[in-house]
Amino acid sequence: QVQLVESGGGLVQAEDSMRLSCAVSGDTLGTYIMGWFRQAPGKEREFVASIRQDGSSTSYLDSVKGRFTVSRDNAKNTVYLVINNLKPEDTAVYYCAASRTLWQAQRVQNRDVYDYWGQGTQVTVSS
């Protein structure tokens, strides 16, 4: 059984930077497309970023391009999400997810293609 554990969230101020981590166990990370999603209070869970198995391709929500960077270290079984210039609207619970789907930039934005999910890490940005 694949397990995903997020870490790195917390309370930060606007314009700060933050790195979220997702540690994967139970299977080989390199097998999976990895995605990051977020859910703000009262809102649907939304796609944020995704990265191909070998890191050769990424996909981002348009509104976070240029501020969010997804990366992975398959040797460490860990995926990262760096968020720069944090804004209050980035406040949400951030989830990582794993998928065996075929890579296609639009498809990987769909949460239904992800098979495994972490428990989430809270990010709160104060203004």
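A salt bridge is counted here when a side-chain nitrogen of Lys or Arg lies within 4 Å of a carboxyl oxygen of Asp or Glu. The structure is a predicted model, and the exercises below apply that rule and a few others to it.

**Exercise 1. Determine which parts of the chain are linked by the salt bridge between Asp-27 and Arg-100, and state whether each residue is buried, partly exposed or exposed.**

Step 1. The side chains of Asp-27 and Arg-100 have an N to O distance of 2.9 Å, and this pair is a salt bridge because the cut-off is 4 Å.

Step 2. Asp-27 belongs to the loop between E3 and E4, while Arg-100 belongs to the loop between E9 and strand E10 (116-117), so that 73 residues separate these distant parts of the chain.

Step 3. The relative accessible area of Asp-27 is 29%, which makes Asp-27 partly exposed, and Arg-100, at 48%, is also counted as partly exposed.

**Exercise 2. Compare the settings of the salt bridges Asp-90 with Arg-38 and Arg-111 with Glu-44.**

Step 1. In the first pair, the closest N and O atoms of Asp-90 and Arg-38 are 3.0 Å apart; Asp-90 sits in the loop between E8 and E9 and Arg-38 in strand E4, so the pair ties together parts 52 residues apart in sequence.

Step 2. Asp-90 and Arg-38 are both buried.

Step 3. In the second pair, the N to O distance between Arg-111 and Glu-44 is 3.3 Å, and the bridge links the loop between E9 and E10, where Arg-111 is found, to the loop between E4 and E5, which holds Glu-44, over 67 residues.

Step 4. Arg-111 is partly exposed at a relative accessible area of 36%, whereas Glu-44 is exposed at 60%.

Step 5. Salt bridges with shared partners also join Arg-38, Glu-46, Arg-67 and Asp-90 into one network, and the total by this rule is six salt bridges.

**Exercise 3. Explain why Arg-72 has no salt bridge, and list the polar contacts of its side chain that are described here.**

Step 1. Arg-72 lies in strand E7 (residues 68-73) and is buried.

Step 2. The nearest side chain of opposite charge, that of Asp-54, is 7.1 Å away, and no salt bridge is counted because the rule requires a distance within 4 Å.

Step 3. The Arg-72 side chain does reach the backbone oxygen of Gln-53 at 3.2 Å, and a polar contact of 2.8 Å joins it to the side chain of Asn-74.

Step 4. Not counting residues up to four places away in sequence, Arg-72 touches a set of residues including Leu-29, Tyr-32, Met-34, Ile-51 and Val-79.

**Exercise 4. Describe the nonpolar cores and place Leu-81 among its contacts.**

Step 1. The largest nonpolar core has 29 residues, of which Met-34, Trp-36, Leu-81 and Tyr-94 touch the most other members.

Step 2. Elements giving two or more residues to this core include E3, E7, E8 and strand E11 (121-126).

Step 3. Leaving aside neighbours within four places in sequence, Leu-81 is in contact with, among others, Leu-20, Trp-36, Val-48, Val-70 and Tyr-94.

Step 4. A second, separate core of eight residues includes Phe-47, Trp-103, Val-108 and Val-113.

**Exercise 5. Identify the strands that pair with E3 through E1 and E8, and give one residue pair for each.**

Step 1. Strand E1 (residues 3-7) runs antiparallel to E3 (residues 18-25) and is joined to E3 by five bridges, with Glu-6 facing Cys-22 as its bridge partner.

Step 2. Strand E8 (residues 78-83) pairs with E3 over six bridges, again in the antiparallel sense, and here Ala-23 stands opposite Thr-78.

Conventions. Residues are numbered from 1 along each chain as its sequence is written. This is a predicted model: local features need pLDDT of at least 70, side-chain atom pairs count only at pLDDT 80 or more; totals for chains, interfaces and linings use all residues. Side-chain values use heavy atoms; hydrogens and water are left out. Two strands pair if DSSP finds at least two bridges between them. Helices (H or I, at least four residues) and strands (E, at least two) are DSSP runs, numbered from the N terminus. Buried means under 20% relative accessible area, exposed over 50%, partly exposed in between (1.4 Å probe, protein chains only). Lys and Arg count as positive and Asp and Glu as negative; His and the chain ends are not counted. A polar contact is a pair of N or O atoms within 3.5 Å; within protein, one must be able to donate a hydrogen and the other to accept it, and residues adjacent in sequence count only if both atoms are side-chain atoms. Contact means heavy atoms within 4.5 Å. A nonpolar core is a set of buried Ala, Val, Leu, Ile, Met, Phe, Trp, Tyr and Cys residues joined through side-chain atoms within 4.5 Å.
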